[in-house]
Amino acid sequence: MASSLSEECTPLKRKYDACFNAWFEGYLEPALSASITPEQRTRFSQEKAAEFERSCGTIWREYRQCVQKAVKDKGLEALLDQARSENPLKDQPPPLDDSRS
């Protein structure tokens, strides 16, 4: 696996990558099954989202916080703002809930 933007974030990245990969492995196969109903798929997705939060949520927030600090420390905020203005997302993601971090 690749290193993170900042060397101090790399251990968190590796921990998150391992957590996500283990979670995703259990998510992918049943989610793609053609034999389940839309209601079952919705319920399964909700259960897997809760599982992800329990298993990987804290690690993700710690890693994200580390990367955000690295972006600021490296002076990359202006470049990111420029890229966002030149190529805005068509569908904005939901706002981050930073109250849990």
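Modeller: Before we begin, pLDDT is the confidence of the predictor in each residue, on a scale from 0 to 100, and it applies here because the model is a predicted one.

Colleague: What is the mean pLDDT of the protein chain?
Modeller: Two values describe the confidence of the chain, one a fraction of its residues and the other an average. The fraction of residues that reach a pLDDT of 70 or more is 86%. The mean pLDDT of the protein chain is 87.

Colleague: Which element of the protein chain has the highest mean pLDDT?
Modeller: The secondary structure comprises 3 helices and 0 strands, arranged along the sequence in the pattern α-α-α. Among these elements the lowest mean pLDDT, 87, belongs to the helix spanning residues 10-32, which is α1. The highest, 93, belongs to the helix spanning residues 38-73, which is α2.

Colleague: How far apart are the end C-alpha atoms of α2, and where does α2 bend?
Modeller: With 36 residues, α2 would reach 52 Å if it were a straight helix at 1.5 Å a residue, but its end C-alpha atoms are only 45 Å apart. The axis of α2 also turns by about 60° within the helix. The two values asked for are therefore a separation of 45 Å and a bend at C56.

Colleague: Which residue with a positive phi follows α2?
Modeller: The helix in question, α2, ends at residue 73. After α2 comes a residue whose phi is positive, near 70°, and that residue is G75.

Colleague: How many disulfides does a search of the whole structure find, and what is the pairing of the bonded cysteines in sequence order?
Modeller: One disulfide joins C9 to C66, with an S to S distance of 2.0 Å, and another is formed by C19 and C56, whose sulfur atoms are 1.9 Å apart. The search of the whole structure gives a total of 2 disulfides. Numbered in sequence order, the bonded cysteines of the protein chain pair as 1-4, 2-3.

Colleague: Is the disulfide of C9 and C66 left-handed or right-handed?
Modeller: The sulfur atoms of C9 and C66 are joined at 2.0 Å, and the pair links distant parts of the chain, since C9 lies in the segment before α1 and C66 in helix α2, 57 residues apart. C9 counts as buried because its relative accessibility is 0%, and C66 is buried as well, with a relative accessible area of 11%. The torsion about the S-S bond is about -95°, so this disulfide is left-handed.

Colleague: How many residues apart in sequence are the parts tied together by C19 and C56?
Modeller: The torsion about the S-S bond of C19 and C56 is about -95°, so this disulfide is left-handed. C19 is buried, with a relative accessible area of 15%, and C56 counts as buried at 0% relative accessibility. The sulfur atoms of the pair are 1.9 Å apart. Because C19 lies in helix α1 and C56 in helix α2, the parts that they tie together are separated in sequence by 37 residues.

Colleague: Is K13 buried or exposed, and at what distance does a polar contact join the side chains of K13 and D17?
Modeller: K13 is placed in helix α1, and because its relative accessibility is 13%, it counts as buried. Its side chain reaches the backbone oxygen of A2 at 3.4 Å. Leaving aside neighbours within four places in sequence, K13 is in contact with A2, S3, S4 and Y63. The polar contact between the side chains of K13 and D17 has a distance of 2.5 Å.

Colleague: How far apart in space are W60 and F20, C-alpha to C-alpha?
Modeller: W60 lies in helix α2, where its relative accessibility of 31% means that it counts as partly exposed. W60 and F20 are 40 residues apart in sequence, and their C-alpha to C-alpha distance is 9.0 Å.

Colleague: What distance separates the C-alpha atoms of F44 and Y27?
Modeller: F44 lies in helix α2 and is buried, with a relative accessible area of 16%. F44 and Y27 are 17 residues apart along the chain, and their C-alpha atoms are separated by 8.6 Å.

Colleague: What share of the contacts with a separation of 6 or more comes from residues 24 or more positions apart?
Modeller: Of the 101 residues in the protein chain, 22% are buried, and the buried residues of α2 include F44, F52, C56 and C66. Among contacts with a separation of 6 or more, residues 24 or more positions apart account for 64%.

Key:
Residues are numbered from 1 along each chain as its sequence is written. This is a predicted model: local features need pLDDT of at least 70, side-chain atom pairs count only at pLDDT 80 or more; totals for chains, interfaces and linings use all residues. Side-chain values use heavy atoms; hydrogens and water are left out. Helices (H or I, at least four residues) and strands (E, at least two) are DSSP runs, numbered from the N terminus. The bend at a residue is the angle between axes fitted to the seven residues ending there and the seven starting there. Buried means under 20% relative accessible area, exposed over 50%, partly exposed in between (1.4 Å probe, protein chains only). A disulfide is a pair of cysteine sulfur atoms within 2.5 Å. A polar contact is a pair of N or O atoms within 3.5 Å; within protein, one must be able to donate a hydrogen and the other to accept it, and residues adjacent in sequence count only if both atoms are side-chain atoms. Contact means heavy atoms within 4.5 Å.
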